[in-house]
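Subject: A structure to look through

Dear colleague,

I am handing over a structure that I would like you to open and turn around slowly before you read any further. My notes on what was found in it follow below.

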Amino acid sequence: MTQDGSTERAGSSTDGFVSIGGQHRMPPPQDTLWRSQPRVLIKHQVYRHYLQCWMGKICRSFDQSSIVDAFSGPGQYLDGPDGSPLVISKTFLEHSAFSQFNTLRFICNEKRADRREHLTRKMKELPPSPKLKFHSAEPAGTADTFEVLDALAHGGSRKDIPTLWILDPFNLAGVPFELIQKCLRRSRDEVLITWFSDEIYRFCEDSSKANAMSSHFGGDHWKSALEHKGETARKEALLTAYQDGLRSLGVLTNAVSISSRNETARYSLVFATHDDRGLECFNPVKWRLDPVKGSTINENRGMQQGDLFSELPVVEELRAYLESLAGEAASFLSLVREAQRMGYLEKHLRTTLDELAVDGRAVRETPLKASTRWPAESVIRFYPPA
Ligand SMILES: C[S@@+](CC[C@H](N)C(=O)[O-])C[C@H]1O[C@@H](n2cnc3c(N)ncnc32)[C@H](O)[C@@H]1O
């Protein structure tokens, strides 16, 4: 059996990996606990940074909010690190604004009873707090038990409780597009999905996997990525196709990828939200972990990546967008929104505007006087090159 439940010819090797179709891949662990890998810690780093911001905004402004860790795992790795439910709980309990927080419902779902039991024991080791309401759902597959989880998150009658869905399965079969669609049906809900670039790249030319791919993408638009040659370009095109599917639901999306030695994405963390304020939290995480491109974290360089680079951030797409505004004027705030939707930060917008201003291509039209170059209320006029 492979990760997606289908059968493939596999040859085993001594390192715990199986070789399938010439590829070297690891089957999902069978024991209750398994060892961590660098990418697990990077994923948790992304969760932590994102939750710092999400909790700071949401848990203070709303009297109730929810997080659903829908593939929670056992809460611990064999070699020591915390699993995601502990990472999430500690981020809440140790947050600098904790004293101002309201109630967080924290719902975990895990298909395997042994892993759920281990998690329940681990959660009991945390200092109790009336603000953190932990609930461990009866073991079931997330797609099958979605309505139960949804009711727990939204408190039955309270449909407006903002909910963050964390979807972290072992393989793409765990997250059909239909499930994502349901998670996003309420305007305050957001999702953070582990997205399997390697597996999807492997499957995309295998006709026996076409249905599984379409179910995951919510259509067969992924096939357009086959026009792209080369692993990196094709993986990028597949991710873009997936995000296009999300956009067709009317949501905003961004992603950060985790790569290994050859720098192509192994997997990505895909974020989707209804609200620009969601991107305000997600985009800084990407740029913090990849200060140059804000897109890819290398699992070998890991969290030190930022220190190894001294190059400037890559803002080509943003610059091209601003240049395309030649002949028009735009408010600074509308530019911030567009930059953010492209995955950039306000600081990138400011420095790119500075560069364009040097060439006379961006000029502040109003206000006439200001203490900073691009105040929030400013209107900026763009010009073609001299
Ligand atoms: C990648 S692990 C989760 C790791 C955890 N989120 C963390 O970061 O520490 C995926 C977990 O989902 C569980 N699982 C697999 N299929 C599932 C399903 N359909 N519904 C719910 N849980 C599932 C597995 O038993 C496994 O513990």
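Strand S9 and strand S10 (residues 265-273) run antiparallel and are joined by 8 bridges, and one of the positions to look for is leucine 252, whose bridge partner in S10 is threonine 273. Please keep in mind throughout that this is a predicted model. S9 also has strand S11 (residues 296-298) as a partner, but here the two strands run parallel and 3 bridges join them; serine 257, for instance, stands opposite threonine 296 in S11.

Is S9 itself buried or exposed? Of its 8 residues (residues 252-259), 8 are buried, so the strand is largely enclosed by the rest of the structure. In a regular strand the side chains alternate between the two faces of the sheet. In S9, Leu252, Asn254, Val256 and Ile258 point one way, while Thr253, Ala255, Ser257 and Ser259 point the other way, and all of them are buried.

Next come the cysteines, where the structure holds 1 disulfide. Cysteine 53 and cysteine 281 form this bond, with their sulfur atoms 2.1 Å apart. Because cysteine 53 lies in helix H1 (residues 38-61) and cysteine 281 in helix H9 (residues 276-289), the pair ties together parts that are 228 residues apart in sequence. The torsion about the S-S bond is about -70°, so the disulfide is left-handed. Cysteine 53 counts as partly exposed, at 23% relative accessibility, whereas cysteine 281 is buried, with a relative accessible area of 4%. Two other cysteines that you may come across are cysteine 183, buried at 0%, and cysteine 204, buried at 4%.

The aromatic rings deserve a look as well, since the count comes to 16 aromatic pairs. One of them is formed by tryptophan 195 and phenylalanine 217, an edge-to-face pair with 6.0 Å from centre to centre and 80° between the planes. Tryptophan 195 lies in strand S8 (residues 190-195) and phenylalanine 217 in helix H7 (residues 210-217), so this pair ties together parts that are 22 residues apart in sequence. Both residues, tryptophan 195 and phenylalanine 217, are buried, and ring pairs link them with Phe177, Trp222 and Tyr242 into a cluster.

Finally, the charged end of lysine 131 sits over the ring of phenylalanine 98, 4.6 Å from its centre, and the charged end of lysine 209 sits over the ring of phenylalanine 203, 4.9 Å from the ring centre.

With best wishes

Terms used:
Residues numbered from 1 in each chain as written. Predicted model: local features only at pLDDT ≥ 70, side-chain atom pairs only at ≥ 80, totals over all residues. Heavy atoms only, no water. Disulfide = S-S within 2.5 Å. Helix = DSSP H or I, 4+ residues; strand = E, 2+ residues; numbered from the N terminus. Buried < 20%, exposed > 50% of the residue type's maximum accessible area, 1.4 Å probe, protein only. Pairing = 2+ DSSP bridges. Phe/Tyr/Trp six-rings, centres within 6.5 Å; stacked < 30°, edge-to-face > 60°. Lys NZ or Arg CZ within 6 Å of the ring centre and 35° of its normal.
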